[in-house]
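Student: I have a model open and would like to learn how to read its features one at a time. Where should we begin?

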Amino acid sequence: MDVDIVCVGFGPATAAFLTTLSKQLVNADGTPAVESAALPGMPPQVLCYERADDIGFGVSGVVTRARALRATFPEIDQAGIPMAAPVREEKVLYLLDPIGASRRSMTLRLADSLIRAAKFALPVENLALNLPWTPSFLHKHDGMILSMGQFMQWVGAQVQSTGTVQIWPGTPVSQALIEEKKVVGVRLLDQGVDKAGNPSDGFTPGMDIHAALTVVGDGPVGAIGRQLDAQFGLPDGHHTRDWAAGMKFVVDLPENTALKPGTVLHTFGYPEPEIFGFLYVHPDRVASLGIFVPSWFDSPARTAYRYLQHWMLHPYLWRHLKGGKLRSWGAKTLGESGRRGEPHLTGDGYARIGEGSGTTNVLTGSGVDEAWASGTQLAEAVLELLKAKKPFTKQNLDEAYVKRRRSSWLDQESIVAEKSRDGFQRGVATGMIGMALAGLTKGKFSLGGEPVQPWKHIPSVEDYYAGRISREKIATLRDECKAKNSSLHGALMDQAGWPAIPFDGQLLVSHQDALLMGGKVQAPPGYADHVVFQQPELCRQCGARVCLEACSGQAITPGENGVPVFDREKCVHCGACLWNCSQADPKTSEHMNIAFRAGAGGLHSAEN
Ligand SMILES: Cc1cc2nc3c(=O)[nH]c(=O)nc-3n(C[C@H](O)[C@H](O)[C@H](O)COP(=O)(O)OP(=O)(O)OC[C@H]3O[C@@H](n4cnc5c(N)ncnc54)[C@H](O)[C@@H]3O)c2cc1C
Ligand code: SF4
Ligand code: SF4
């Protein structure tokens, strides 16, 4: 099939691209404002393919300053967007460890003792220090709290009502079509295949869609973005070694909640010092809350789910959450390399937008608005080229799109943020100081610590727990977990002093229940496995098996002969296994032993 423009993924970046584009393809009298090359006499034919089974099945926070969103929708009425609320009150809290199981450095232990000793003179409440001052770059004054799912459905409805673009959910793109270094469109995923991708009942090969322009907005772990990175390489010195696994709950707060809509809480310090938390209050007693497990956290038992439950049980938060009920659950990783992870933004026949193009700003903790800005900038550029009847060559896209991006706040702020979190490579205290330094000096100074790949910094389980759990005990736990075909992190955390979670069937539920009740995870039959262990022999030698410990959906289990087993029906497509694999792919120095391909299914909730 031939079209003019094909888009991969319908996240905020592509939503912005299509919102701006769709309004200007047709004149008020219905005649084309610009003409299609694929279908002469008609407006340009624009298609967008989204992997998830519906629009709005993505995962995000979201609190946003909404600068780019407001530029697109100057008259935006938050009352018209379900779950939207204006930001009213922001707090940044340092959580002390109420359990004594957290792995804290000497510096933090000392800081904790001082805070506890001076708690009557400090704003300490329920074992949380409310930071009396936070730098302005962290604030979201005049911003909005949104549900990513609800917002994307709202935008999707508007875009489709223009009648000028089509969005196809449930349609993963398997690869970009590349001819002599030019992207000429995309190929959709084969259906009716077995786990390994071999034709089986009802085989339908993925259709080829030829387009003059392919817009790649497939997020931080999109297969098409990574295909282009592999094909064209990254600019010199760039890499994507910073990420975080985000996991969230959407909850009904108890009836007597004291939390008001518009409340924004950010936390650090607990359950492990490296783990950041967030709680945002929507209207009608609903809250989004969750944690980020960052790439620099060196624990091989890096399970977001169990940590999220301990975080919710912290006394400062639990007094607000006790009696609440789980509505929705989700997980997704964020690409946090920002400018340093920026790929080639354009090439002949393609352009990159959104988080996969390095938009996320780790200093301000903001991704949606930046992704949105990049999509808007590309749409303005594309309209300019269409009107001038110029082809989508790299040179033309650079002049129209990259130039816009370079002269915008998006690019300027990404320069400030570039090295702001490097200090975390040397510890949490250094990281926090480095962030403040970078923010307050507009990026002139930061504290160094080059991010490294996971296999260079994640130690073995035995080394990580040295002094806390003996090697003999770890060997016994391994055998017990192997016999149960389960991951190891729960047993390790129990042994390290983390108490059992008091499941209540409402809010504190098992991981499996969260998948079924909150995420409603499903996978349609007839698709190949999208998580593939490339070199099984590397898995056999792998001690840490971080893929299995970090899996957000319990979709990876130990398996026979040392090679993990992947269950597509539990996969939420978060990408944590891709980032966290603790063995390098021998073919490249940068990537891991897991292949994360385009795939169907995943979360079925539009609240996350
Ligand atoms: C838990 C969590 C909390 C966050 N909190 C905040 C916050 O408070 N504020 C904030 O500003 N940002 C926040 N972010 C970051 C923000 O969500 C992202 O920066 C933003 O969503 C990036 O938008 P995007 O359009 O580039 O990519 P995405 O939102 O990742 O969208 C990409 C889309 O492409 C689709 N796709 C991928 N591959 C294919 C394929 N092969 N074929 C078809 N479709 C495909 C995906 O399904 C997805 O819908 C948070 C992120 C997470 C995970
Ligand atoms: S996929 Fe990576 S982390 Fe998982 S067992 Fe194999 S090598 Fe180890
Ligand atoms: S297997 Fe699926 S759910 Fe598990 S970490 Fe990988 S992408 Fe996430």
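Tutor: Begin with M83, in the loop between α2 (67-72) and β4 (85-86). This is a predicted model, and the backbone angle here deserves a look. Phi of M83 is near 70°, a positive value in a residue other than glycine.

Student: Is M83 buried or exposed?

Tutor: The cut-off for buried is under 20% relative accessible area. M83 has 14% relative accessibility, so M83 counts as buried.

Student: Which value does phi take at K389?

Tutor: Phi of K389 is near 55°, again a positive value in a residue that is not glycine. K389 sits in the loop between α8 and α9 (394-406). Its relative accessibility is 71%, and exposed means over 50%, so K389 counts as exposed.

Student: Where do I find cis peptide bonds, and how do I read omega?

Tutor: Look at the bond joining G61 and V62, which is cis with omega about -5°. V62 belongs to the loop between β2 (46-49) and β3 (63-64). Another cis peptide bond runs from Y270 to P271, where omega is near 10°. P271 is placed in the loop between β16 (263-268) and β17 (276-281).

Student: G61 is a residue I also see beside ligand 1. Which residues come nearest to that ligand?

Tutor: There are 35 residues around ligand 1, and those that come nearest are E50, S60, G61, E355 and G367. By class, this shell holds 18 nonpolar, twelve polar and five charged residues.

Student: Which polar atoms of the protein should I check against the oxygen atoms of ligand 1?

Tutor: Take three pairs. A polar side-chain atom of E355 is 2.4 Å from an oxygen atom of ligand 1. In K332, a side-chain N or O atom is 2.9 Å from an oxygen atom of the ligand. With V368 the backbone takes part: one of its N or O atoms lies 2.9 Å from an oxygen atom of ligand 1.

Student: How much of the accessible area of ligand 1 does the protein cover?

Tutor: On its own, ligand 1 has 1000 Å² of accessible area, and the protein covers 94% of that. The elements giving two or more residues to the shell are α1 (12-22), β19 (325-335) and α8 (368-387).

Student: What surrounds ligand 3?

Tutor: Its shell has 14 residues, and the closest are C551, C571, C574, G575 and C577. By class they divide into ten nonpolar, four polar and no charged residues.

Student: How should I read a nonpolar core?

Tutor: In soluble globular proteins, nonpolar side chains tend to be buried together. Here the largest nonpolar core has 59 residues, and F249, L279, L321 and W329 have the most contacts inside it. Helix α6 (residues 304-312) gives the most to this core, with six residues.

Student: What does L321 touch once its sequence neighbours are set aside?

Tutor: Leaving out residues within four places in sequence, L321 is in contact with V251, L253, P254, L279, L289, M312 and L507. Apart from this core lies another, of 54 residues, including I5, L21, L385 and L397.

Student: How many residues of α6 are buried?

Tutor: Nine of its nine residues are buried. The buried set includes R306, Q309 and H310 as well as Y305, L308 and M312. At the N-terminal end, T303 caps the helix: a side-chain oxygen of T303 lies 3.3 Å from the backbone nitrogen of Y305.

Student: How do I read a contact between residues that are far apart in sequence?

Tutor: Compare sequence separation with distance in space. A544 and P300 are 244 residues apart along the chain, yet their C-alpha atoms are separated by 6.1 Å. A544 lies in the loop between α17 (536-541) and α18 (546-550). Not counting residues up to four places away, A544 touches P300, P459, E549 and S582. Its relative accessible area is 10%, so A544 is buried.

Student: Why does D585 count as buried?

Tutor: D585 counts as buried because its relative accessibility is 6%. D585 is in the loop between α19 (576-580) and β25 (594-596). Beyond its neighbours within four places in sequence, D585 is in contact with Q534, Q535, H591, M592 and N593.

Key. Residues are numbered from 1 along each chain as its sequence is written. Chains are lettered from A and ligands numbered from 1 in the order in which they are written. This is a predicted model: local features need pLDDT of at least 70, side-chain atom pairs count only at pLDDT 80 or more; totals for chains, interfaces and linings use all residues. Side-chain values use heavy atoms; hydrogens and water are left out. A residue is near a molecule or strand if one of its heavy atoms lies within 4 Å of it. A polar contact is a pair of N or O atoms within 3.5 Å; within protein, one must be able to donate a hydrogen and the other to accept it, and residues adjacent in sequence count only if both atoms are side-chain atoms. Accessible areas come from the Shrake-Rupley method with a 1.4 Å probe; for residues, only the protein chains shown count as cover. Helices (H or I, at least four residues) and strands (E, at least two) are DSSP runs, numbered from the N terminus. Ala, Val, Leu, Ile, Met, Phe, Trp, Tyr, Cys and Pro count as nonpolar, Asp, Glu, Lys and Arg as charged, and the others, Gly among them, as polar. A nonpolar core is a set of buried Ala, Val, Leu, Ile, Met, Phe, Trp, Tyr and Cys residues joined through side-chain atoms within 4.5 Å. Buried means under 20% relative accessible area, exposed over 50%, partly exposed in between (1.4 Å probe, protein chains only). Contact means heavy atoms within 4.5 Å.
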